[in-house]
Amino acid sequence: MITTALLLLATIAPRGDAWTTLEGTTPAQWRLSWSADPQHRITASWSTREAGTEHFVHYDVVPRAGTDAPYAHKQAAQRNGEYTLRKDEIAILKGASYHHARITGLEPSTTYWFQLESDGVRSKEMHFLTAPADDRAFRMVHGGDSRSGHAARQQINSYIGHLADEFPNLITFAHGGDYILWGELWAHWRPWLSHHELTTSPRGRVLPLIPTRGNHDPGPLFDEIFDDPGEPTLNYYTTDISPQVSLITLNSEISAAGDQATWLEAELKRLRPERRWLMTQYHRAIYPAVKDPAAMKPHWVPLFERYDLDLALESDGHSVKRTVPIRAEAQDPTGVVYIGEGGLGVPQRDPKTERWFLQEPGMSGKAHHVVLLKFGEGYMNSRIMGLPESQTRPFFPADHVPLIASGATWRYLAGSDPGGEAWRGAGFDDSAWKTGTAGFGFADEDDVTILDDMRGEYSRVYLRARFDASALADLSEIQLAVRYDDGFVAYLNGVEVTRSSVGSGSGASADGIEAHEAKGWELFPLGTGAELASRLGEGDAVLAIEGHNKTKGSSDFTLDPCLVGPPLDRAPLLDEAVLLDEFTLSPREDR
Amino acid sequence: MEAGLPENVASLIDQLAAGVLLAVAVSAIVRPIRALLLFSAAWMVAVSFAIWTNPGSTVDDLAPIAHAVRVAAPLGLIFLLPRSGEKLTLGIARTSIALWILLLGAAATFVAHGLEALQHYGRFVDLIIGSAKTWLGWNVSQSNAENLLTAIGIHDLLLAALLLLRRWRWVAGWMALWGFITAFSRVTSTGGADWHQSLIRIANGGVPLALFLAWWQLVRPVPTLFKK
């Protein structure tokens, strides 16, 4: 197995786009965001596993390129705090913190190079481009719904990162909401934040986010992650991306008819005479390809049409669509075009192609996608770019560098507890344990090593497998992939690295075990190969896993782990992306 | 699909359930069938728990009790149906059980809606603003709508408590009227586009109305089961 892994390593190029492990005060999970005045302001945000005491962003208009020369500017984070955790997350995640440095006084259309620093630990150097203060052409990307389909989410994030290098005038990424499954859980935000690092381009460019709140993003974490875009909990605001282009971000999760509608009307009235292009983004689709029209429709559409909105960017439906221009519930060349609606990783649904507003020249379909908009002086061009299915298929172990392959042979202990913690370490003698092929369990017909004496007798199973730690160093990312029912705790050379559905404790004293069905492979990022290699040292390392059933009487059990590196076969995303739709719009005075 | 089912399977289940529920509606009027009513109640339980376990809104944690009235309506009817060979006049015990189910269902739903109103749930704010504009031409501000929602929330909780503790006939009557008004606010706030949303909520007024009529008919406002 190890030989195979090394041979494969010799034939592939490392991805080089993995996320940073959240540990200590290493700046990780970085994101930039824009709300008002993106020509002169930006918020740089990041996470640390421990709270730390001093947090800065260093920035300048020239890169430091690995030298130790100080940056011209240094901004202390004005807002620091611990992420709000649910009770059952506190034992595992307490201390994880956010940091927001609000930078002002920037020059328009200028590239700034920056590093994040927490308690002396610095991130790699990255850069961003400020918004233009003149009428030059620029691009932006829009997408929504990244709450499930983590493998596809990583792929499309990576694609966005590549777009940033491909198009130097691509300046921002507007996210239409539903980042994660449930916004009150930092356990859900944590992988999203790590995966968001993949939108950083291979050359280190970070696209500032213009975030929208979706229906799956309730609670305080949204504001803690994006530093209160608009105002806390309200989250509606205008971003004047250029003197001729404004994006109004609305919140479909609060009252649409009240203060928000009053504000929207005032903004539309103020902006329409001054802007060539006026857009809005919000989460729930008003002219949907899949669901019923959102409840905001009677309150917002009359305003959109009265003030001649050009484009509405929608999400939530998990499909691709562009409507015909709509005014007064009919196709009208002077109407509003609604485009979306959600493909940043979520499995796609079948659009209702018979709906009148999706007929030609409109379109609908299903594909993981982004909307790439270009604003020029005499036109606005929209291209919906889809990733080919081969790029977004669900995680499959054989597609990745195997460290402990799927279906590998493990040592296992079932029916008793090993006692103490020594069994988790590399030096433990497991020769008395049985050997079996993954996965382990009973019922559901999804296991290989059948534990037919488990039900009613015991609820825990312990696994150990060795792998060559020296194979790690050149791998960009390491993930534990597990199919499990109900929970597990995983250790690398005796140190806990991840757990799921086990609230606290371990072995016989584990507590808070929640029911969980083994529906498919679930991924748990463990960091870069270099980080793990430095921690584990040379030679053999041991992955030890304890699997837990909620009760002895549970009707099934599954524990099927494997340890993998980056994908083996990674075709260039930019070359394989599919143009799903393209349309060009003239300014209103020319229509 | 959120439950791990492929979309086409989930869609098929949804369509089949819709077909059966239509049959339930027709049969409930023409000739109620226990199995269909039981399916209807079970489906509503399943739907509410699916929402509860896969929330997509801040008020979805109240879904199981908010849906209680839609479960109670078919369940209550099951107990009111005469068994084969039985006379149409039912025994007091079964009538009491039916009324007990309806009472609990109505109270639970009013509690849920009361709590949602006290949270100033955005959709409720918009129902007030939209209805006032459509029917009265009034521009109600968000703060006034929220103040009204606070009052409505207290009102709903009070009605639920009175129904449970006092079981006054006129409380059931007022709940019926209020249940219909709030159900039809989906239509009045949008001018009719959301008529099906009102139909889904018809039991909000229907179940309290059944209690009101039953207690009127029985003269005694207290179901036998509650008598000391």
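This report describes the two domains of chain A, one strand in chain A and one helix in chain B. The model is predicted.

**Domains of chain A**

The domain assignment divides chain A into domain 1, residues 28-380, and domain 2, residues 397-567. Their C-alpha centres are 37 Å apart. Six residues from domain 1 of chain A and six residues from domain 2 of chain A make up the contact between them. On the domain 1 side, α2 (87-93) and α4 (186-196) of chain A each contribute at least two residues. The largest share of that side comes from α2(A), with three residues. By class, the residues on the domain 1 side that touch domain 2 are three nonpolar, two polar and one charged.

**Strand β29 of chain A**

Strand β29 of chain A runs over residues 460-468. Seven of its nine residues are buried, so β29(A) is largely enclosed by the rest of the structure. A residue is counted as buried here if 20 or more other C-beta atoms lie within 10 Å of its own. β29(A) pairs with strand β25 of chain A and with strand β36 of chain A. The two pairings are set out below.

| Partner of β29(A) | Residues | Sense | Bridges |
|---|---|---|---|
| β25(A) | 409-414 | antiparallel | four |
| β36(A) | 540-548 | antiparallel | nine |

In the pairing with β25(A), the bridge partner of A:Y412 is A:L463 of β29(A). In the pairing with β36(A), A:A465 stands opposite A:L543.

**Helix α2 of chain B**

Helix α2 of chain B covers residues 34-53, which is 20 residues. At 1.5 Å a residue the helix should span 28 Å, and its end C-alpha atoms are 28 Å apart, so the expected and modelled spans agree.

Which residues of α2(B) are buried? They are B:L37, B:S40, B:A41, B:M44 and B:S48. These buried residues cover an arc of only 90° around the axis, which means that they sit on the same side of α2(B). An α-helix has 3.6 residues a turn, so residues three or four places apart point the same way. On the other side of α2(B), the residues B:A35, B:A46 and B:T53 are exposed. The cover over the buried residues of α2(B) includes three helices of chain B: α1 (7-30), α3 (63-66) and α4 (68-80).

Terms used. Residues numbered from 1 in each chain as written. Chains lettered and ligands numbered in written order. Predicted model: local features only at pLDDT ≥ 70, side-chain atom pairs only at ≥ 80, totals over all residues. Domains from an automatic or database assignment. Contact = placed C-beta atoms within 7 Å. Nonpolar A, V, L, I, M, F, W, Y, C, P; charged D, E, K, R; others polar. Buried ≥ 20, exposed ≤ 12 C-beta atoms within 10 Å, placed from the backbone. Pairing = 2+ DSSP bridges. Expected span 1.5 Å × (residues − 1). Arc of directions from axis to C-beta.
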